[in-house]
Amino acid sequence: HFAEVARRYRDVGAQVVLIGSPPEAPLTKVIADTTPGVLDLAGKPALPELLELLAAGDLLISNDSGAMH
């Protein structure tokens with residue numbers, strides 16, 4: 001369902017950025033590979049950069065993850 005949400009937001013002009021832990025990277029890669037224009041950063045940003053990224057966003061759609069809390 002995350003892929004469909006990503007496509008819908010992308011289609012209305014939103015910049016969609018996928019984040020997650022390194023073990024989640026294969027899952028986010030599938031979404032990014034099937035949704036052109038989505039930026040996949042799973043497993044890449046260190047905590048300070050992740051916090052900056054989250055602070056800059058207008059909307060967060062998340063599973064029950066550490067980044068959400």
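**Exercise 1. Is Asp 33 buried or exposed, judged by relative accessibility?**

Solution.
- Start with the source: this is a predicted model.
- Place the residue. Asp 33 is part of helix H2.
- Take the value. Its relative accessibility is 52%.
- Apply the cut-off. Exposed means over 50%, so Asp 33 counts as exposed.
- Add a distance. The C-alpha atoms of Asp 33 and Glu 49 are 23 Å apart, with a separation of 16 residues along the chain.

**Exercise 2. Work out how H2 is oriented by sorting its buried and exposed residues.**

Solution.
- List the buried residues. In H2 these are Thr 28, Ile 31 and Ala 32.
- Check their directions. They span an arc of only 95° around the axis, so they sit on the same side of H2.
- Turn to the face pointing away from that buried side. Pro 26, Val 30 and Asp 33 are exposed there.
- Find the cover. The buried residues of H2 are covered by elements including H1, E1 and strand E2 (39–40).
- Pick one residue for detail. Ala 32 touches Leu 18, Val 38 and Asp 40, leaving aside residues up to four places away in sequence.

**Exercise 3. Identify the largest nonpolar core and the helices that feed it.**

Solution.
- Recall the background. Nonpolar side chains tend to be buried together in soluble globular proteins.
- Collect the members. The largest nonpolar core holds seven residues: Ala 3, Ala 6, Val 16, Leu 18, Ile 31, Ala 32 and Val 38.
- Assign the helices. H1 (2–11) and H2 (25–34) each provide at least two of these residues.
- Link back to Exercise 2. Ile 31 and Ala 32 are among the buried residues of H2, and both belong to this core.

**Exercise 4. Locate the nonpolar residues that form a patch on the surface, then examine Val 12.**

Solution.
- Name the patch. Phe 2, Val 5, Tyr 9, Val 12, Leu 59 and Ile 61 make up a nonpolar surface patch.
- Give its area. Together these residues have about 560 Å² of accessible area.
- Place Val 12. It lies in the loop between H1 and strand E1 (17–18).
- Classify Val 12. Its relative accessibility is 68%, so it counts as exposed.

**Exercise 5. Trace the salt bridges around Glu 4, then treat the pair Asp 11 and Arg 10.**

Solution.
- Recall the principle. Side chains of opposite charge can pair when their charged atoms come close.
- Set the cut-off. A salt bridge needs a side-chain nitrogen of Lys or Arg within 4 Å of a carboxyl oxygen of Asp or Glu. By this rule there are four salt bridges.
- Take Glu 4 and Arg 7. Their side chains form a salt bridge at 3.4 Å, N to O. They are three residues apart in helix H1, so about one helical turn separates them.
- Take Glu 4 and Arg 8. This salt bridge is at 2.7 Å, N to O. Four residues apart in helix H1, these two are also separated by about one helical turn.
- Combine the pairs. Glu 4, Arg 7 and Arg 8 are linked in a salt-bridge network.
- Classify the network members. Glu 4 is partly exposed at 34% relative accessibility. Arg 7 is partly exposed at 25%. Arg 8 is exposed at 57%.
- Finish with Asp 11 and Arg 10. They form a salt bridge, with the closest N and O atoms 2.7 Å apart. Asp 11 is exposed at 56% relative accessibility, while Arg 10 is partly exposed at 24%.

Methods:
Residues numbered from 1 in each chain as written. Predicted model: local features only at pLDDT ≥ 70, side-chain atom pairs only at ≥ 80, totals over all residues. Heavy atoms only, no water. Core = buried A, V, L, I, M, F, W, Y, C linked by side-chain atoms within 4.5 Å. Buried < 20%, exposed > 50% of the residue type's maximum accessible area, 1.4 Å probe, protein only. Contact = heavy atoms within 4.5 Å. Patch = residues over 30% accessible without salt bridge, like charges linked within 9 Å, V, L, I, M, F, W, Y side chains within 5 Å. Areas by Shrake-Rupley, 256 points an atom, 1.4 Å probe, with all protein chains shown as cover. Arc of directions from axis to C-beta.
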